[in-house]
Amino acid sequence: LALILAGVPLIESQSQPAPGPRIAPLAGDYVRGRIVVRFVPSVSEDSMMRLAGVVSATGVTHPSYADFNYVEIPPALDPVEAARRMSEQAGVVYALPDPIVYPLRQPNDEFYRFQWHFQRIGMEQAWDINPGGGRDVVVAVLDTGVAFTDVRLRYPRVGVYEFERAPDLRGTPMVAGFDFVWNSEFPVDTDGHGTHVAGTVAQTTDNGSGGAGMAYNTTLMPVKVLTTDFDLFAGLRFPSGASAVSRGIRFAVEGGAKVINMSLGGPAPSNLMRDALQFAVDNGVFVAIAAGNSAQDPECPNCPEWPASYASEFDGVMAVAALDFDFERAPYSTFQDYVEIAAPGGDVTEDRNGDRLPDGVLQETLVYATLSRRVQELFGPFLPAEVTNPRIFTLFQPDIEFQGTSMASPHVAGFAALLYDQGITSPAAIEAAIKRFASDVGPAGRDVFTGYGVLNPRETLRGLGLAR
Amino acid sequence: MTWNATLAAMSLGILLAGPATAASPTEEQTSGFTESEGGVEVRGWVHGGLISLASSQSFEALSGSSSGTKFGAGGQLNFANGVFIQGGIERFRKSGTRAFLFNGELFPLGISDTVTVTPITFSGGYRFMSEARVVPYVGGGIGSYGFREVSEFAEAEDIVDDRFVGFQLLGGAEIGLWRGNWLSISTAAEVEYARVADALGEGGLSAEFLEDDLGGTTFRFKLQFGFGGKEKLPPPEIPAPAAPRRAPVPMPQEVPPPPPPVREPPVPAPALPEAGPPPLAPEEPQPPPRQPPAMQPPPVTAPAPPVPLGEELLLLGHQKLSIGDHSGAAADFHRYLQRYAGNKYTLALGLFCDAANVQRQVANAAGARELLLVPMTSRGQSCYGVYWGIFDTLRDARANLASIPMGLRAPGQTALPISRLLR
């Protein structure tokens, strides 16, 4: 009989619009089922309950470590309205709804506050889900090299130069890379571009200095495939080309990389790179490629670039366009059919977020020689080493923010590393997931400016539940 | 064997075994009767069950399984004609991890995700009334199916909390376990098919698999508690003769000991007057007797008295019992009860269809005059309802439950108005 009698009200209560399970549900911005009330000290417990009757309270409790009480209210009752009603009662000092608080993993790095490009794509929520990936995932950065180690190297024309590991990469795991420009085992950065890109992928994070990286717990593989001015100045005979990129891709794949970032491109196609990309995806490696910065090129406006143009041919290779702070296509970002996804690339001509810095992408890097190549060629051998030395002069300066699809691409590469660590281990599936959860920006649907839209790390990492 | 195949086999078994068992009534004491004295039984239950979900691929992707356990409770009203209405609530919870699906390959993401389904259902149905121990039933109705999905790292807008309307069809069989004066306990095995269309499929894995049904097929085991129920015996098949307006006869206990059993030949029944005033409704109280003098029973205590007509019937019945003439005895008892005891009460011992079992009851009664047989039919078969004593009030009858000889006692025996035997 008790079962039956108990069953009737149970059914009735369940049929209410907002059923009240025993565990208070989270709904809206406030905890439902209770409000926070501070009574004047002279109010007795009986009086508290009587006062709380105005909100149909079912109980008043005094939690530990608090100078207030919880007033239990029907879950269907709006906590904001309940708090308002309760605050009108004599004997109540204050009555407040209890705002829901979520964990937000915000790096403590000194200059993180200027890294709007992470905040804008919701990386703090994404890091709650996957805090920086894992060491097992190796991301190869095919670029101008990376300031990955402390080493002295001798160059044919300029002699011995001393390189340092970037301070904010000292906590980042590294595996052996290669320099396909000098055919060396020390792919040091002789420009600053590669170190910046590597920082976006996995700059040491939560160390109180520098900035953060997308997948800051993953392992970097520095692979130098791009020739810099310094390399030429230092006596390089043959500038690197697509063949070096092709070799770099194959090196990364065979070296165990799961993700490759290529913030590079050129005006001519090359089957060498195409075949290497095929090799990469065939071996389970995801590749992110900068879409190009030719939109405002006066000589060849919006000309396609390679290997980005190959991206749409492969499931597992994505061409990345650049966005500014407002998620509009950056003015330089190439818009072509092969663009598949967009990420922050910055626009140093603007300060839309009002942080008094240009809206470029901020990562630690070195500052290359301030002298022009011509001056270096003419006078380099006679100048003091400090003037031309590409060693790390200043590892971080807020005024060296970079912009470009080169900066956008490592956002996607770093995120792919997080996805791989989260469980999506196929390059084609990584691309599909990134597209599936991208937030559409620009013209509705897929477009040549931003592809499927801007990267949405949190939604992608959460994947699919049963109904949402 | 897969779970679905197992469930299908169990379902088929229940649907076939229920009626099959019911079609061959046992000779045991009847129990699990559902009709209350007032014609309605109130029943509550708790249950546990297994569900095979309709959106099997989606649940399989989320949790690695497309089935799960359910628990719930409910209440039911059972009417005398076999119709019942019921309402129930149950809960099904399934946990797994969120995932990404690409080209048929599933990538679990390690983010916990819990789905809770809370159906509140209202059904009606029909219970195939019989004296058998196993009573099959079928039904159907509608339900409000609560659906809540929460997951790790969910923000408020990520939580799915909604309710959908669906329908369900059910069938099962119940078995009586125990019966007291006001409480009965029974179990039931039940299969339910529920369809809750358009509850899923808008997003998530269910959209990937194009599945929209939140229902499924449930196998349930119920433990039921009935309140106020009493035995329901089918009405006798013999036509009810007109009931003469006669004064109540002395209780059977007051009847003098019967003569020694006469083996053979059977004593012929005396001719009985058939004429009389129009019959009274059995439930109506008998008016004060206004019998013609010729019908007045003679005093029992008079020396060498003529045996009262009513008592003659009882005596004749018991004489026939003693020689194994069950049908003759039952006819005499029925006639006696109809004429002289329609407003009294008795204790129901059970329904027996096999002559050997009837004879066993007679033997266990050891010639006691309280034993009464009444002709009955059960599913077209001639049977006998066996009763004990005739009492003026229901309270008296209940008070005499303990007077039933040990050899005749069985669970579920209860008091009931004699008028109900005579319908």
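A helix here is a DSSP run of H or I that spans at least four residues, and helices are numbered from the N terminus. With that term in hand we can begin in chain A of this structure, which is a predicted model, at helix α8(A). This helix covers residues 242-254, and its 13 residues reach 18 Å from the first C-alpha to the last, close to the 18 Å expected at 1.5 Å a residue. Just after the end of α8(A) comes Gly256(A), whose phi is positive, at about 100 degrees.

Several residues of α8(A) are buried, namely Ala244(A), Val245(A), Ser246(A), Gly248(A), Ile249(A), Ala252(A) and Val253(A). The elements that cover them include the strands β6 (138-143), β10 (219-224) and β11 (259-262) of chain A, together with helix α9 (271-282) of that chain. Helix α6(A) can be read alongside α8(A): 10 of the 10 residues of α6(A) are buried, so this helix is largely enclosed by the rest of the structure. Among these buried residues are His193(A), Thr195(A), His196(A) and Val201(A). Their cover includes β6, β10 and β11 of chain A, as well as the helices α4 (116-120) and α12 (405-422) of chain A.

Two loops of chain A hold backbone features that are worth finding in the model. Asn183(A) has a positive phi of about 50 degrees although it is not a glycine, and this residue sits in the loop between β9 (178-179) and α6 (193-202) of chain A. With a relative accessible area of 49%, Asn183(A) is partly exposed. Further along, the peptide bond from Trp306(A) to Pro307(A) is cis, its omega being near 15 degrees, and Pro307(A) belongs to the loop between β12 (286-290) and β13 (317-323) of chain A.

Chain B contains seven helices and 14 strands, and buried residues account for 53% of its 423 residues. Of the contacts in chain B between residues at least 6 apart in sequence, 71% join residues at least 24 apart. Eight of the strands close into a barrel with antiparallel pairing, and their order is β2-β3-β4-β5-β6-β7-β8-β9. On average, and with direction ignored, neighbouring strands of this sheet are turned by 25 degrees against each other.

To see how the barrel is joined, start from β2(B), residues 40-53. On one side, β2(B) runs antiparallel to β3(B), residues 67-79, and 13 bridges join the two; here Ile51(B) stands opposite Gly68(B). Strand β2(B) is also joined to β9(B), residues 216-227, by 12 bridges in the antiparallel sense, with Val42(B) opposite Phe227(B). Strand β9(B) in turn pairs with β8(B), residues 183-195, over 12 antiparallel bridges, and in this pair Val191(B) stands opposite Phe219(B). Helix α2(B), residues 56-63, lies across β2, β4 and β5 of chain B and runs at about 55 degrees to β4(B). Side chains also form links in this chain, since Lys70(B), Glu90(B), Glu190(B), Glu192(B), Arg220(B) and Lys222(B) belong to one network of salt bridges.

We now turn to where the two chains meet. The size of an interface is often given as the accessible area lost when the parts come together. Between them, chain A and chain B bury about 3500 Å², with 64% of this area on carbon and sulfur atoms. In this interface, 36 residues of chain A are in contact with 45 residues of chain B, and four salt bridges are counted between the chains.

Two of these salt bridges can be compared by their surroundings. Arg436(A) and Glu208(B) form a salt bridge whose closest N and O atoms are 3.2 Å apart, and this pair crosses from helix α13(A), residues 427-437, to helix α3 of chain B. Relative accessibility is 36% for Arg436(A), which therefore counts as partly exposed, and Glu208(B) is likewise partly exposed at 33%. In the other pair, Asp158(B) and Arg458(A) meet with a distance of 2.4 Å from N to O; Asp158(B) lies in the loop between β6 and β7 of chain B, while Arg458(A) is in helix α14(A), residues 457-462. Because buried means under 20% relative accessible area, Asp158(B) at 11% is buried, and so is Arg458(A) at 9%.

Definitions and conventions. Residues numbered from 1 in each chain as written. Chains lettered and ligands numbered in written order. Predicted model: local features only at pLDDT ≥ 70, side-chain atom pairs only at ≥ 80, totals over all residues. Heavy atoms only, no water. Expected span 1.5 Å × (residues − 1). Buried < 20%, exposed > 50% of the residue type's maximum accessible area, 1.4 Å probe, protein only. Contact = heavy atoms within 4.5 Å. Pairing = 2+ DSSP bridges. Axes fitted to C-alpha atoms, helices over the stretch in contact; angles between N-to-C directions. Buried area = accessible area lost by both parts, 1.4 Å probe.
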